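Biologist: I'd like to go through this one with you and hear the reasoning behind the labels. Can you pull it up?

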Amino acid sequence: MIDEYLKAKRAGEREYRKRSSEGEYPYLAALDDICPDCSTLAHKSLGIIEIPVDMIAGTKTRARQNSFSAGFMPVLEQDTEFAIKWTALYRTQLSEGFNDPIKAYEYLHRFYVQEGNKRASVCKYLEMPTISAEVIRVMPESEVLDEHPEYKAFLKFFEVSGIYDIECSGPGQYMEIAELLGEDLDNRWPEHKIASLKAAYWVFAETFKKIQGKEVHLLTGDAFLVYLRIYVKDALGNYSFKVMEKRISKIKKELLKEGSSEKVELVENADEALNAGNIFSKTGSAVGKALATPVSKVIPALSYSQKNPLKAAFIYDKESSRSNWVSDHERGRLRLEQSYGGSVVTRCYENCDSPALFEEAAARAADWGADVVFTTSPRQINDALRAAIEYENIKFLNCSINLAHQAVRTYYVKLYEAKFLAGLVAGTYSALDGTHKIGYCSNYPIYGTVAGINAFAIGAAMTDPSARIYLDWYSREGNNWWWSMLDKGIHVISAVDSRHNTDGSDAYGLCYVDKCEPGTGNDLSGTCRIKNLAAPIMKWGKLYEIIVQTIMDGSYNARPVDIRDRATNYWWGMISGVVDIKLSDELPLYTGKLVRVLKQDIINGSFNPFDTELRSQEGIVRTENDSRLESRDIIQMDWLNENIVGEIPAMDALTDEAKTTVKYSGVEKSKGGIV
């Protein structure tokens, strides 16, 4: 048995030399060093529980530090009393197992042994999954918890599940695990579900550890969440390692993407998509340059015709007659079909607002022979992901931005460009009526929408420096935004973006409103006299034509090797022809001229609304001398321009439907409400 001690000692010595050469502390960590004030913090006894051996990070005191390497392997000589006791414990564990629990302190999701260091070392050496321990939790101070929101969320997860093993890198991930399993973080879970989750996670973790290789750099808990998203329907079943290995191998690209520091590749010009074979590697690598050949030489164009049409399916979460958003996409679908003269045929599936209904629609689309499936709501992203894994030969896309899934591409429009131009018009009219008040009602606080609000506010300030933008949200619970704005004496209002307004009114785009009396029925604008001044336009039909063309000419899959494992987000604007603005003929002459000049500058790439000095409600965001905002900074904006009156609502202020959307695609200040 002494041979085993020598093997463990050699492992400890290797680790000691490696850490020493890298300038790191070579011995075991001590909680007394990590948290010198631990004795004064609140303590909570958790009783005797099974703890993950992988999470044992050190010893409680400094007394035993130098007996072990940082990884808990022994480093003392084999003729010491320490080595003899270690060997005896090794023999006991093999023959009968340890009878007594070790004693350990837990701090920030890691364990530090007070009694039983050698037993912990033996378990580490044997790669045992768990060990019985009497655990005392050291509660961090509030400011430390604020610095570790993921641990703060874990504490709630532990209270309802009693599971230590699952460690996630983000606070919202624990809530997502709970929701996927039909639970929450407020009430104790049923014991049978806890047992099933523990068993499923153990099989997943052991399998993931063996096959992840050097490519995937990802916490096991984060990887398990990806697995749950895709296989949630039967994720807690009693599956063999063989079945689990097959499943993990099938979703390895999703895991690679999740573990990548650069998860999303933004394609911001339709020409990049249509000429994907000409895209160079951003690093200028030889691989990227080798791919810089015409698409036709990389992948031959596929033969689609009236006899063999490309089949595009659209899965909507609502009915087009009851949703402005779906109605606009439905018109885009019809335009797509008409544009190709029979070479492209489409079908739509409406009201697929649950995983079961989506699954049924995806199966019907697959049976029909769909080549591509478009899903039009961020709420559908997990449903689309599951279907994309199931039907590997079908291309799935989702209308959203900044959602990172390798199997599902996303698409959205740079609506902020048109919103800026509408703001120019709004400022002209707020100055003319002397109120300097402008109303703006947005939809959901999701990625991309805040950029539109800020661009509009900047445009308004350029034509009316005194303009104040009064912000409200359609998705706010109990909202009556239209009449609230009118009560404030606001006549210039940015309303819904769709001209096909399902509430029956003419309140769309940028309006000038007066002479109002409340109406009846669905007409939110009552008897108001409404003058439409400018309407931002999202040309979904044009966007769908471009994407379908990439499939037809073979460029859809022609991507440089160095970005092939990233999620692809199409984010197109005026230069690609998918965003525009319609102006009233009654605009003042020079206002119309200014809008048209700046529109052309945006198309030419010589002007961006966010290139000027940017000032938020809290101070300067960007000076004139700073570099241009990155596209991701624009997408992820979570601040409001200084001339905006209002706020980004927290999750609990939204309607139930909005909460579902924001959960997947919300800007950080709204997503914070999830935790």
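Biologist: Which strand and which helix each supply at least two residues of the lining of the second largest cavity?

Modeller: Keep in mind that this is a predicted model. Strand S12 (408–413) and helix H18 (415–432) are the ones that do. The full lining is Tyr412, Val413, Lys414, Leu415, Tyr416, Gly448 and Trp571.

Biologist: What makes the second largest cavity count as a cavity at all?

Modeller: A 1.4 Å probe fits there but cannot get out, so the space is a cavity rather than an open pocket. Its volume is about 30 Å³, and the count at 30 Å³ or more comes to two cavities.

Biologist: How does that lining divide into nonpolar, polar and charged residues?

Modeller: Five are nonpolar, one is polar and one is charged. Lys counts as charged and Gly as polar, so Lys414 and Gly448 fill those two classes.

Biologist: Trp571 is in that lining. Why is strand S18 called largely enclosed?

Modeller: Buried means under 20% relative accessible area. Six of the six residues of S18 (residues 567–572) pass, so the strand is largely enclosed by the rest of the structure. Ala567, Asn569 and Trp571 point one way, Thr568, Tyr570 and Trp572 the other way, and all are buried.

Biologist: How do you know that S12 and S18 pair?

Modeller: Pairing takes at least two bridges. Four bridges join S12 to S18, so they pair, and they run parallel. Valine 413 stands opposite tryptophan 572.

Biologist: And what joins S7 to S18?

Modeller: Four bridges again, with strand S7 (residues 264–267) running parallel to S18. There, glutamate 265 stands opposite threonine 568.

Key: Residues numbered from 1 in each chain as written. Predicted model: local features only at pLDDT ≥ 70, side-chain atom pairs only at ≥ 80, totals over all residues. Heavy atoms only, no water. 1 Å grid on protein atoms, 1.4 Å probe; cavity = no way out; pocket = protein on both sides within 12 Å on 5 of 7 lines; lining within 4 Å. Points joined across faces, edges and corners; volume = space filled by probe spheres on them. Buried < 20%, exposed > 50% of the residue type's maximum accessible area, 1.4 Å probe, protein only.
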